[in-house]
Amino acid sequence: MSVPLTDRVIQLAYDPGITPKGGGLPGLSVLKNVVNSINMFGIIAVVGALAVSLGVWAWGHHTGGHQAEANGKKGAVVAAGAALGLGAANGIVAFFSGLGSQVY
């Protein structure tokens with residue numbers, strides 16, 4: 001007994017049978033190395049930004065420059081958030097990818 005074309009199209013819309021799989025394309029390991037290097041560059045840049053922000057915060061506090069102190073605090077918080085995001089990027093993507101694979 002054959003399945004009508006409309007039923008097959010509806011089934012395909014619900015489950016196309018696509019799952020992520022490594023090794024299917026050439027250059028995947030090179031792409032992973034590039035992304036890892038970009039992430040490391042970002043983390044190093046955040047360390048520099050945090051050091052500068054903390055210096056501005058301390059300088060502003062020491063000299064009575066309230067605007068510099070406030071900017072240093074903002075910079076420190078932004079740098080800490082960026083470090084959190086960079087460090088957790090792989091876990092965040094893995095979490096939402098797993099969550100997305102559960103949607104039917």
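**Exercise 1. Find the aromatic pair and work out its geometry.**

*Solution.* Start with the count: this predicted model holds 1 aromatic pair. Its partners are Phe-95 and Phe-96, whose ring centres lie 5.0 Å apart with 80° between the planes. Now apply the criteria: rings of Phe, Tyr and Trp (its six-membered ring) pair if their centres lie within 6.5 Å, with planes under 30 degrees apart counted as stacked, over 60 as edge-to-face and the rest as tilted. The pair is therefore edge-to-face. For the surroundings, use relative accessible area: buried means under 20%, exposed over 50%, and partly exposed in between (1.4 Å probe, protein chains only). Phe-95 is partly exposed because its relative accessibility is 48%, whereas Phe-96, at 52%, counts as exposed.

A quick note on conventions before we go on. Residues are numbered from 1 along each chain as its sequence is written, and side-chain values use heavy atoms, with hydrogens and water left out. Since the model is predicted, local features need pLDDT of at least 70 and side-chain atom pairs count only at pLDDT 80 or more, while totals for chains, interfaces and linings use all residues.

**Exercise 2. Check the span of helix α2, then identify its buried residues and their packing partner.**

*Solution.* Helices here are DSSP runs (H or I, at least four residues), numbered from the N terminus. Helix α2 covers residues 28–63, which makes 36 residues. The expected span of a helix is 1.5 Å times one less than its number of residues. For α2 this gives 52 Å, and the distance from the first C-alpha to the last is close to that, at 52 Å. Just after the helix, Gly-64 takes a positive phi of about 80°.

Next, the buried residues of α2: Gly-42, Val-46, Ser-53 and Gly-60. They pack against α3, residues 66–100. Take Ser-53 as an example: it is buried because its relative accessible area is 11%. Leaving out residues up to four places away in sequence, Ser-53 touches Gly-72, Gly-75 and Ala-76, where contact means heavy atoms within 4.5 Å.

**Exercise 3. Look at other positions along α2 and describe how open they are.**

*Solution.* Ala-49 lies in α2 and is partly exposed, with a relative accessible area of 36%. Its C-alpha is 9.1 Å from that of Val-78, although the two residues are 29 apart along the chain. Val-47 also belongs to α2, and counts as exposed because its relative accessibility is 54%. Together with Met-40, Ile-43 and Ile-44, Val-47 makes a nonpolar surface patch of about 370 Å².

**Exercise 4. Locate the salt bridge and explain how its partners are placed.**

*Solution.* The structure holds 1 salt bridge, meaning a side-chain nitrogen of Lys or Arg within 4 Å of a carboxyl oxygen of Asp or Glu. The partners are Glu-69 and Lys-73, at 4.0 Å from N to O. Because they are 4 residues apart in helix α3, about one helical turn separates them. An α-helix has 3.6 residues a turn, so residues three or four places apart point the same way. Now compare the two ends: Glu-69 counts as buried at 15% relative accessibility, while Lys-73 is partly exposed at 37%. Finally, leaving aside neighbours within four places in sequence, Glu-69 is in contact with Trp-57, Gly-60 and His-61.

Methods:
Helix = DSSP H or I, 4+ residues; strand = E, 2+ residues; numbered from the N terminus. Patch = residues over 30% accessible without salt bridge, like charges linked within 9 Å, V, L, I, M, F, W, Y side chains within 5 Å. Areas by Shrake-Rupley, 256 points an atom, 1.4 Å probe, with all protein chains shown as cover.
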